[in-house]
Each structure stands twice: as C-alpha cells, then as structure tokens.
Amino acid sequence: MSGSQQVGDVFAPSLEFATVANAGPELQAAADADRLAFWDTQARRLDWASPWSEVLDWSDAPVAKWFVGGELNVAYNCVDRHVLAGNGDRVAIHFEGEPGDTRSLTYHDLLAEVSKAANTFTDLGLVAGDRVAIYMPMIPEAIIAMLACARLGLTHSVVFGGFSSHALRSRIDDAQAKLLVTVDGQWRRGAPAPLKAAADEAVSGAESVEHVLVVKRTGIDVEWTEGRDLWWHETVEKASDQHTPVPFDAEHPLFILYTSGTTGKPKGIIHTSGGYLTQASYTHHNVFDHKPGTDVYWCTADIGWVTGHTYIVYGPLSNGVTQVVYEGTPNSPNEHRHFEIIEKYGVSIYYTAPTLIRTFMKWGRAIPDAHDLSSIRLLGSVGEPINPEAWRWYREVIGANSAPIVDTWWQTETGAIMISPLPGVTATKPGSAMAPLPGISAKIVDDEAHELGHGGNGYLVLDQPWPAMLRGIWGDMDRYRETYWSRYAEQGWYFAGDGAKYDEDGALWVLGRVDDVMNVSGHRISTSEVESALVSHPAVAEAAVVGAADDTTGQGIVAFVILRENVENTGDQLVKDLRDHVAVEISPIAKPRQISVVPELPKTRSGKIMRRLLRDVAEGRELGDTSTLVDPSVFEPIRVHRSQG
C-alpha cells in the first residue's frame, strides 16, 4: 500500500492510505466542536462497568479527575473482552527470546496466564491499593505481571532491568512495595547476566517487601531465602486459570513510574486507570492506524519506560493487537536481528527511537536491504526529536519510500502521545511532530507567557488538562506542583520542560529539553539543530551536541560524532569539513568549537543519549550517575578521544 506522496519536502498521505485510515479530518472537527464530548466518545471505545457522571472535574487543579464515578477494570479491557468477543484464538504476543527461543500467546492463553498470576498474588495476601515492584527483562511474564496487578487493583512500579540495586531499592522504599517480581537472570548479547543478585541486594533490609517471586529465565544459580523467595513455576503456573475481575474507580492508581532524575529522591509519576487507558487506546488506534486481526505491531521499547507501558501493554492490548515482543539487543547475534524479526513475523507497524534509526544508518543500508521489509506500512519514532536526515533515511530504506512516519512527542508525565501527525490526514515534514492530536491543546510561549505565532521559538506548554495526565508525584504533591505547574502558575499551564518552535507554515518542531538550548555569544542555539546539521553530512551517522562552559562565549558547542560504516576518519580535515558544513546549514555562530569522532555514544535502554554525561566529559568533571546506561564502558573511548581533541 502506498502510504504517502512527496511534494518538495512535504509528504502527504496517499489517497489509497487515507481512504481506509482510522483517523479522518472529522476527528479534529469533533474535538474542536466540543473537547469534553470528544473525550467522552473516546472513553466509550472501552468497556465500563459503571458510567461516569462528569467527563472532567478540574476544580482541584492541577489535580484532575476524569470520567468521575466511572468504573472499569483495565486488565478486562486488555484481555477478557477480546476473548468474549470471539477473538481468543488471535495471537496477542509473538515472543522472540534473545537466544532464539520463541513463544506465541493467544488472547485465550494470555487470559489464563494473567488469571493464574492474579490468583497467586491474592494468595500472597495482596489487596487492591498495595504496590508491586517488577524488575524484569522483556519476557511475557513481565507483561503478565503488570496485567495481573491491573486486574486486582494493585499499583505496579516497573523498574528497568538495567538499573542498579540502589535504583531498585530507592523505588521499592518510596512506594513501600510488598511484592517484588523478578527473574534469575536475563540474556544479554548471547550470555546470561544475573538479575536476582541485584534484587536480593535491593530487598535486603527493605521491610515492606514480604515476598520475591522469581521467573526461571536463564537457569543460572541464585541465592535463595526460604519463606520470602518463591519460584514462578512452582506458584503461578500451578494456580487456577479462572479469575473474575472486579471494576475499580476511574481514578484508581494503575501504576507509579519513576523518572530517572540525576539527583535527589526519585520522582514517582502516578497514573490512574480510566483517563490513562482512554488516551492510550485512542492514540494507539489513530496514530498507528492499527487494524486488529491484520496488522502485526512492534514497539521496540522496554517496559521499564513509559513507552513500554503505553505502547506495548495498555494501548495495544486494549485494541486487540498482535504484537512482537523481543528480549534482546538489535545486534545480537548480529546487525540483521531486527530486520529478520520484521521479515519473520510480517511486522506492518514499527515504532522505535531515533537513536536506533541512526545506528541502522551507521551500519549501512546493505543490512536492511538484505531482507523483505515489504510488510511495513507505517513507521513511528519516539524518545527525542528525530533529525530530518534520519527521518528521510527511515522512510526510504525501511519504509520503501511510501510508509508514513508518525514522529511522536510525549513524556512519562503525559502518559500518552500528545503531538504527532495523523497518518491518514497530516502532510508531514521530516523532523517535525507537526501538531497536537485532536483533543489535545498545546502552545508555544515566551518567558512572559505570550503565545507565539508562525516562526516563533519558545517553550512548549499544555494549556488544557488531558485524560492520561499524571495525577501527581507519589507522596509529594508539593513537588508535583512546583516541578510542573509553577513556571506558568498564573495561567494554569503545564510546562513540559521542552523548547519548541513553529516554522513559517505553522508546523510544530520540538527542540528538546530547555537545558539542551545553548547560549553562544547571546545566540540561542538548540543542540538538536546542530545535531541535525551534522547528521545531514554524508560522513556522519549520529551526533550528540552539548554546550560546555566557555570564558569567551558563555557556552561553547562541543560535538561527539559517530561516522557511517566505511567512512574514513581523515582527522583535522574531517573536523574542518564538519564545522564548515554546520556553518552553511545553520550559521557560522553554530560552528562547534570541538568535534570528537567516537565509536559509541552513552545511551539509556529507551534510546536517549545522556547529554548530561557528555557535558561532564566536555567540562572535565567527574561523571554523574551512569546507572541508567546500556553500557557505561562507552565513556573510556570518549575520554580518550576528548583528551586527544
């Protein structure tokens, strides 16, 4: 199917795609006519046990109540209702393990497994409102554990399996979790890596934890505490597969997810049930144009991040998706792995991070070209603004020059996608998230809260509440108000922490975190602008730019670049070429004062480049917390290149 057609640097949906798209222009018209009635309609896509009396109660702003008095069960909406509708034999999850083991779970299978886990959690004495910590790799049991919590009204706190025992302990203590669900070990690049050892260290002395439930994934030896530790296969797998869910209030806390702050106590973002599931389901259906029963969907995130919560678990499963869940890394055992998986399962919707797209660029197009990717009909991008050059490569090489790209902006705090093209409606520009979705209101404003027009560059704010919005910070509502609502308190606006601009046509471009805007001799230059300029050079696959303190200019631009495959590093000549290229693409003022060619960049498992740590390197400081990185060892070659620079 032809997805989009190009005129200049604008890609409009093809008539063929638009004719059968889930979203049409009427979606925006309905939202514009009556925003709350629009969200009322979206909520009715779900199954509710009791109706609501009011769509939105904003009387205690900035704490919202959506679908007041309504009751539903989130797990019922994600599993049971598909079975009851006669779709129990549809595959819900195609699991691909890193060592090559596979499992496919139908909705009927998923219902049985979630019911067993729910019965086990009940047997352990857990009741609605209790908290459960989940510390696991990307295996089906992690999703089953989340859904079992949702089924029972337990509030889950998923902690990314790459985090340290210290990070896990701080999250367990903050939430006072009674149960920890984990694994013996996880597969990483062909070898088992221990995970229970870190879990044991984290729960040592943690008085709230009563039990540790352990999935046997790798078979490695583990320490065992009798009375506390339980094997999943000796409890869950032997439990009854019959369980009747009960409904909970729309505002019942579904999960806490901690943002990885660099200092101080972790921030536990609270999301509730009705509003969150409404927006997760609505956005998944319309932004990804998902067709149940025919599409095969793959979001490459980890459930330790909000993308995994909303676009692997709750949004997709509420829509009856068939999806791929992959345990491992993109280059294990080799760089063909993702494309082999797309080919094997006929993936039609593929949602990943710009950092991975740029990694694919670095590896070269010969790798994806070796595979049949013709099943792909829609591509998505998430995590940070995507460079225009990476956008074009993604569309051309992975999307066969036809698949529309949905470049999505949202945050842990927003719960679901806020700004994105609608694939059957929006004419897209490479690198732009384009516009807020129907039902969402966002503005770009200056320091004095004046709204900016076409060509304006300022701060991104959300000026109306939205269903999936965070309801607070766990145990610290004062911090919630201070962190997100104090900047524009008089106006009652949520400040996202991101800079953004409108181009001359009114398209919205997210520029990244405000602290990623550099001030060079009085000129405000976004790190993403310089990164995009560098990546547009034919030698560069990926770039990270930071502003480092400079006695003369206030801040100096320091760049770290990865070269494309088979590009020779010509040293000073290459650096000169790249600096000149940035001067042409942006302005001479944007020339980096230093460019270091490095083999890798420091990234989290969610695909974000840790620019804060690169700033530490650029300014010669000791590194801050590296616990969120996939591979902390990447800093050794970066330090070497920096010292040689």
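**Note on the predicted model: loops, helix packing and cavities**

1. Proline 333 lies in the loop that runs between strand S19 (323–326) and helix H12 (337–345). The peptide bond leading into this proline, from serine 332 to proline 333, is cis, with omega near 5 degrees. Since this is a predicted model, the cis assignment is a property of the computed coordinates and should be read as such.

2. A cis peptide bond is also present from alanine 61 to proline 62, where omega is near 10 degrees. Proline 62 belongs to the loop between strand S3 (54–57) and strand S4 (65–68).

3. On backbone torsions, glutamine 176 deserves a look, for its phi is positive, at about 55 degrees, although the residue is not a glycine. Glutamine 176 sits in the loop that joins helix H7 (165–175) and strand S10 (179–183).

4. Turning to helix packing, helix H2 (residues 25–33) and helix H3 (residues 35–43) have axes that come within 5 Å and cross at roughly 125 degrees. Because angles of 65 to 115 degrees count as roughly perpendicular and those over 145 as roughly antiparallel, this crossing makes H2 oblique to H3. The contact brings Leu27, Ala30, Ala31 and Ala33 of H2 against Arg35, Phe38 and Gln42 of H3, and by class the residues of this contact divide into five nonpolar, one polar and one charged.

5. H3 also packs with helix H10 (residues 274–287), at an angle of about 85 degrees and with the two axes 9 Å apart, which makes H3 roughly perpendicular to H10. From H3, the residues Phe38, Trp39, Gln42 and Ala43 meet Thr278, Gln279 and Tyr282 of H10. The contact of H3 with H10 has four nonpolar and three polar residues, with no charged ones. Phe38 and Gln42 of H3 are listed in the contact with H2 and again in the contact with H10.

6. As for internal voids, the count comes to three cavities of 30 Å³ or more, and the largest cavity has a volume of about 60 Å³. Its lining draws on Leu72, Asn73, Val74, Ala150, Gly153, Leu154, Phe248, His252, Pro253, Leu254 and Ser273. These lining residues of the largest cavity divide into seven nonpolar and four polar, with no charged residue.

7. Finally, an annotation taken from the record: the UniProt entry, which is unreviewed, places the feature "binding site" at Arg188, Arg189, Gly190, Ala191, Thr307, Asn331 and Ser521. Annotations of this sort may be inferred rather than shown by experiment. Of the annotated positions, arginine 189 is found in the loop between strand S11 (185–188) and strand S12 (191–194).

Terms used. Residues are numbered from 1 along each chain as its sequence is written. This is a predicted model: local features need pLDDT of at least 70, side-chain atom pairs count only at pLDDT 80 or more; totals for chains, interfaces and linings use all residues. Side-chain values use heavy atoms; hydrogens and water are left out. On a 1 Å grid over the protein atoms alone, a cavity is a set of points where a 1.4 Å probe fits but cannot get out, and a pocket is an open set with protein on both sides within 12 Å along at least five of seven lines; lining residues have an atom within 4 Å of a point. Grid points are joined across faces, edges and corners, and a volume is the space filled by probe spheres set on the points. Ala, Val, Leu, Ile, Met, Phe, Trp, Tyr, Cys and Pro count as nonpolar, Asp, Glu, Lys and Arg as charged, and the others, Gly among them, as polar. Axes are lines fitted to C-alpha atoms, for helices over the stretch in contact, and angles run from 0 to 180 degrees between N-to-C directions. Helices (H or I, at least four residues) and strands (E, at least two) are DSSP runs, numbered from the N terminus. Angles under 35 degrees count as roughly parallel, over 145 as roughly antiparallel, 65 to 115 as roughly perpendicular and the rest as oblique. Contact means heavy atoms within 4.5 Å.
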